[in-house]
Amino acid sequence: MFIQQIIAGVAMGGIYGLVALGFTLIWNAAAVVNFAQGEFCMISGFLILTFFVNWGWPFPMAFLISILLSGVLGVIVERLAIRPIRGADPLTAIITTLGVSIFLSNSAKFVWGTHPFHFPSVFGDKPMQMAKITLIPQNLWIIGIISALVISLYFFFFGTLTGKVMRAVAQDRQTASLMGISVNRMIGMIFGLSAIMGGLAGILLAPIIYVAADIGLPLVLKAFMGAVIGGFGSLPGALIGGVVIGISENLSAFYISSDYKDVISFAVLIAILIFKPAGLFLRK
Amino acid sequence: MGRIKFSKLGMLCLMGVLLGMFGTTSAVGAADPIKIGFVGIMTGPNALNGEYCSEGAKLAVEEINAMGGIKPAGEAKARPIELIAEDDGGTPQVGVNAINKLVHQHKVFAFLGPDYSSITFPSMFVAQQAAVVQITSSLAPKITAQGNAWIFRSRPSDVVGAAVIVDYFMNELKLTKVALSYTNIEYGISGIEEAEKNLAKFNIKPVLRVSHAAGDRDLTPPAAKIIESKAEGVIDWGLQTEASILFRQLIQMGYKGKLFYSSLDDIFIGVAKEFSEGVLGISNYVYTDERPAAQKFRKAYVARFKKEPDLHSGAYYDAVYILKEALEKAGLERVKVKDFLHNLKGFRKATGVFNYDINGDCGHFQCVTVAKGLKTLISKRYGY
């Protein structure tokens, strides 16, 4: 059971980490804490529900289009809500992204309704037995897809010109601008990429927690905790921090009680910050 | 010229005001509606629950008004019902405000709801202090155990439900190893405590008692604990989405035991889909019930709302008719209506037979249901 809980925790934590990755990318590039990141997950869940379940599109097509549309949404949010307030007081940015989150959540309720929707598991429901461990296909697919994404992101950021330019903007916007890089365009692309990551998280989550308009904010809070644990601004830290949250939730729920899992997750956060105030992967 | 214009304008305004006053006065005299309040979940993630509740009440009000309204005892003329709805948002804070609005601002004669025990329990003092009859569909046993003379149920409490399902587990299914699971809210806690009390009557101790928080969406740990306990059956008491996720994860992890959920309804089935197959439940009403009164209600509901009713719609439909009965027999004095309801026996309507007691409990009619082919069917009746 311990191994089983770890695997489930890694899967769920991987999703928190994916959301936290998008969160951190935006922070690094635009110095904005994007509380609407969870709503990209929510919207992509509803999009794939509409395309795949309601309209009967083939899953690969529905998946690709949902992800792309999430990216487009990210670009639109940046252009309309974030760019005008860039450089403003951090509190203004927080309120703005919270407002975007509320707007997207309520728009989804208006379009699709307030109740949760069942989403079929496309990865199969039949569990696999390995020794005494029961493996659920969905969890294995989540871990596999996120691992593949992380490797792809590494090659993108370090092996492609666009990726290097994005890193340059994230490192120092002013210098990047002086070097002739269009900072606005890059930040828009980073928002699009973050929204795509959020969209992927939403699609992976849909068969587990169903599709509902209220999943965004709780997700982003867990992702925020993961980003802080990993070191706010560190990309590997965001992913690892999310996994730490996922594992601590699962183990505490199994060995202690589900009622205390949030309490214990916050206790883990506080404990880590006491010993490593900048998080696991950042120096103070 | 300006002074004349102003005088003409002033006269016109005065005439409008006077007409309005007289118009209103004459309307009050002729057909002053009886205001009945409804408080339910109109917004938020569980608004579908409130939709079913309000539709049941609306249907009853429309039927009664189409028949001419209610003729309260001692009154010469029948009066229409005006249903005034307020949103409790699914939370106690909003619920208390909504009920205060109904009672003190709208000055309703009586009101229906809430459905959630976690909202009813902390807010029922409002109706008690204002001496207003409240008919709730909430199930937590302690709601009618506080000595509040103004609260009544429109469906049997979990005291009945828990007794029924434990009896079914023990006598029909012959299970001895039972795990208890619940959502950590008033409804879940009180329901599972009743289940545990009833198991103790059979000298059975649950092999596991595990909870999850409302809003929890990853229930792998409680599911794993249930499997580890080797329980032959699971009794879950709580919210629909959480229950459907728990059962899905149990089945995906290979669990083969019997699953029971306390609120097996269309909302649960709509979310759980194929994972609802074979799940047992308790309900005082399912739309597949063949009793004539149940089918009459079902036909009217489908014609009006183009969908099947659920147990919440039935509860509120009957609640309006219970109030109608009380008003027609006891008149427009709230104390007399309250006393009448405490003595109301053998009142048959869509969902069952109402026999009220001094606490406001409405009887023991309950069914064990089973989900088959995305429908809820009756497996066994109790107390009809």
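**Figure 1. Separation and contact of the two domains of chain B in the predicted model.** The centres of domain 1 and domain 2 of chain B, taken over C-alpha atoms, are separated by 28 Å. Domain 1 is made of two stretches, 33-156 and 288-363, while domain 2 covers 159-283. Their contact takes 14 residues from domain 1 of chain B and 13 residues from domain 2 of chain B. On the domain 1 side, helix 2 and helix 4 (117-130) of chain B each supply at least two residues. Helix 4 of chain B gives the largest share of that side, with 3 residues. By class, the side of domain 1 that touches domain 2 has 8 nonpolar, 3 polar and 3 charged residues.

**Figure 2. Contact between chain A and chain B.** In this view, 25 residues of chain A are in contact with 27 residues of chain B. On the chain A side, two or more residues come from each of helix 1 (2-30), helix 8 (183-209) and helix 10 (235-255) of chain A. The largest share, 4 residues, belongs to helix 1 of chain A. The chain A side divides into 13 nonpolar, 9 polar and 3 charged residues.

**Figure 3. Helix 10 of chain A.** The 21 residues of this helix should span 30 Å at 1.5 Å a residue, and the end C-alpha atoms are 30 Å apart, which agrees. Of these 21 residues, 18 are buried, so helix 10 of chain A is largely enclosed by the rest of the structure.

**Figure 4. Surroundings of Ser211(B).** Ser211(B) is placed in strand 7 (residues 208-212) of chain B. It counts as buried because 21 C-beta neighbours lie inside 10 Å, the cut-off for a buried residue being 20 or more. Leaving aside residues up to four places away in sequence, Ser211(B) touches Ser257(A), Ser258(A) and Asp259(A) of chain A, together with Tyr182(B) and Asn184(B) of chain B. Lys329(B) is 118 residues from Ser211(B) along the chain, and the C-alpha atoms of the two are separated by 46 Å.

**Figure 5. Helix 10 of chain B and its two faces.** Helix 10 of chain B (residues 292-305) has 14 residues, for which 1.5 Å a residue gives an expected span of 20 Å; the end C-alpha atoms are 20 Å apart, in agreement. The buried residues of the helix are Ala294(B), Phe297(B), Arg298(B) and Tyr301(B). They lie on the same side of helix 10 of chain B, because they cover an arc of only 105° around the axis. An α-helix has 3.6 residues a turn, so residues three or four places apart point the same way. The buried residues of helix 10 pack against helix 2 (47-66) and helix 11 (311-330) of chain B. Turned away from the buried side is a face that carries the exposed residues Pro292(B), Lys296(B), Lys299(B) and Ala303(B). Just after helix 10 of chain B comes Lys306(B), with a positive phi of about 60°.

**Figure 6. Strand 1 of chain B and its pairing with strand 2 of chain B.** Strand 1 of chain B (residues 34-40) is mostly covered, with 6 of its 7 residues buried. It runs parallel to strand 2 of chain B (residues 81-87), and 7 bridges join the two strands. One of the residues to locate in this view is Ile34(B), whose bridge partner in strand 2 of chain B is Ile81(B).

Notes: Residues are numbered from 1 along each chain as its sequence is written. Chains are lettered from A and ligands numbered from 1 in the order in which they are written. This is a predicted model: local features need pLDDT of at least 70, side-chain atom pairs count only at pLDDT 80 or more; totals for chains, interfaces and linings use all residues. The expected span of a helix is 1.5 Å times one less than its number of residues. A residue is buried if 20 or more other C-beta atoms lie within 10 Å of its own, exposed if 12 or fewer, and partly exposed in between; C-beta atoms are placed from the backbone. The arc is that of the directions from the helix axis to the C-beta atoms. Two residues are in contact if their C-beta atoms, placed from the backbone, lie within 7 Å. Domain bounds come from an automatic or database domain assignment. Ala, Val, Leu, Ile, Met, Phe, Trp, Tyr, Cys and Pro count as nonpolar, Asp, Glu, Lys and Arg as charged, and the others, Gly among them, as polar. Two strands pair if DSSP finds at least two bridges between them.
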